[in-house]
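Hi everyone, thanks for making the time. I'd like to walk you through a structure that's new to most of us, so have a look at the screen and stop me if I go too fast.

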Amino acid sequence: MPNPNRGSCGFQSTEFEQEYERPSKSELKRQMTALQKLGAELIAEPRDRVKRVPMPEDVREAILECQLIKDHEGRRRQLQYVGKKMRSLEEHEIAAIQKMLDSWKGASKSETAALHAIERKRDKLLADDKALTVLLEENPQLDAQQLRTLIRNARKEQAESKPPKAYREIFQILKSLQAPAAQPTDDEDDAEEDES
């Protein structure tokens with residue numbers, strides 16, 4: 001049974017608690033860790049992409065330097081330094097970097113999805129002869145004889161567990177059909193760079 005006199009000493013329990021105007025140490029640590037992870041994401045990207053990210057030159061140099069370091073301990077220390085440099089950035093600079101990384105992730109996801117679609121198309125060609133007829137109707141510029149030979153060879157390679165040479169060639173042909181459709185996305189990337 002609860003004590004009815006408990007808490008009746010004339011003050012509320014929150015009355016003496018201090019109000020902090022600054023973030024707690026834990027919150028500061030979370031923010032620093034998040035910035036270091038952002039730096040690590042940039043380090044994992046190719047050098048030419050990192051050079052296009054809008055950021056101060058000293059931060060970019062620290063990231064590019066870290067990409068060159070192979071020694072584990074040296075790389076760890078450089079990553080700490082990158083985190084320190086990232087903490088010196090303004091909120092809008094961090095937001096711009098995060099936006100650029102997110103756009104790259106979206107682009108790579110769409111590229112991966114496109115490659116998976118090509119793989120499914122190739123598997124369909126190997127499984128069903130009608131798929132070749134449909135492909136040739138959609139793309140009359142393709143060499144039907146060459147495709148039939150490649151499909152036959154790919155089936156033979158799979159049956160005999162040989163290296164997939166023809167299998168890869170079919171993929172390259174299908175990928176080349178997709179290439180003109182991929183050109184506008186590169187132009188869009190160039191337009192985004194011009195706006196920056």
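Before anything else, one term: I'll call a residue buried under 20% relative accessible area, exposed over 50%, and partly exposed in between. And please keep in mind that this is a predicted model.

So, Ser161. Is it buried or exposed? With a relative accessible area of 67%, Ser161 is exposed, because that is over the 50% cut-off. As for where it sits, Ser161 is in the loop between α7, residues 144-160, and α8, residues 165-195. There's something else about it, too. Most residues other than glycine have a negative phi. Ser161 has a positive one, near 55°, and it isn't a glycine.

Okay, let's step back to the whole chain. What does the secondary structure come to? Eight helices and zero strands. Reading from the N terminus, you get α-α-α-α-α-α-α-α. The protein chain has 196 residues, and 26% of them count as buried. If you take the contacts with a separation of 6 or more, 55% of those are between residues 24 or more positions apart.

Now for how some of these helices pack. The usual description of two packed helices is the angle between their axes plus the distance between the axes. I've picked two pairs.

The first pair is α3, residues 57-68, and α4, residues 72-87. Their axes come within 9 Å and cross at roughly 165°. Anything over 145 degrees counts as roughly antiparallel, so that's what α3 and α4 are to each other. The handedness of this crossing is left-handed. On the α3 side, the residues that meet α4 are Asp58, Val59, Ala62, Ile63, Glu65, Cys66 and Gln67. Facing them from α4 you have Arg75, Gln78, Leu79, Tyr81, Val82, Lys85 and Met86. Sorted by class, this contact has eight nonpolar, two polar and four charged residues.

Let me say a bit about each partner. α3 is 12 residues long and spans 17 Å from first C-alpha to last, close to the 16 Å expected. Its buried residues are Val59, Arg60, Ala62, Ile63, Leu64, Cys66 and Gln67. What do those buried residues pack against? The answer is α1 (25-44), α2 (47-52) and α4.

α4, meanwhile, has 16 residues and reaches 23 Å, close to an expected 22 Å. Buried in α4 are Gly74, Gln78, Val82, Gly83, Lys85 and Met86.

Two glutamines here deserve a closer look. Gln67 belongs to α3 and counts as buried, at 12% relative accessibility. Setting aside neighbours within four places in sequence, Gln67 is in contact with Leu42, Ile43, Glu45, Pro46, Arg47, Val50 and Arg75. Take Pro46 from that list: it's 21 residues from Gln67 in sequence, with 8.9 Å from C-alpha to C-alpha.

The other glutamine is Gln78, over in α4. Gln78 is buried as well, with a relative accessible area of 14%. Leaving out neighbours within four places in sequence, Gln78 is in contact with Ala62, Glu65, Cys66 and Ile69.

On to the second pair, further along: α6, residues 129-138, and α7. These pack at an angle of about 150°, with the axes 11 Å apart. α6 and α7 are therefore roughly antiparallel to each other. Which way does this crossing go, left-handed or right-handed? α6 passes α7 in a right-handed crossing. From α6, Asp129, Leu132, Leu135 and Leu136 make the contact, and from α7 it's Ala144, Leu147, Arg148, Ile151 and Arg155. Going by class, that gives six nonpolar, no polar and three charged residues.

Last stop, Arg148, which is found in α7. Its relative accessible area is 42%, so Arg148 is partly exposed. Beyond its neighbours within four places in sequence, Arg148 is in contact with Leu132 and Leu136. There's also a C-alpha distance to mention: Arg148 and Leu125 are 23 residues apart along the chain and separated by 9.7 Å.

That's my tour. Happy to go back to any of these views if you'd like another look.

How values were computed. Residues are numbered from 1 along each chain as its sequence is written. This is a predicted model: local features need pLDDT of at least 70, side-chain atom pairs count only at pLDDT 80 or more; totals for chains, interfaces and linings use all residues. Side-chain values use heavy atoms; hydrogens and water are left out. Axes are lines fitted to C-alpha atoms, for helices over the stretch in contact, and angles run from 0 to 180 degrees between N-to-C directions. Helices (H or I, at least four residues) and strands (E, at least two) are DSSP runs, numbered from the N terminus. Angles under 35 degrees count as roughly parallel, over 145 as roughly antiparallel, 65 to 115 as roughly perpendicular and the rest as oblique. A crossing is left-handed if the near helix is turned anticlockwise from the far one by less than a right angle, and right-handed if clockwise. Contact means heavy atoms within 4.5 Å. Ala, Val, Leu, Ile, Met, Phe, Trp, Tyr, Cys and Pro count as nonpolar, Asp, Glu, Lys and Arg as charged, and the others, Gly among them, as polar. The expected span of a helix is 1.5 Å times one less than its number of residues. Buried means under 20% relative accessible area, exposed over 50%, partly exposed in between (1.4 Å probe, protein chains only).
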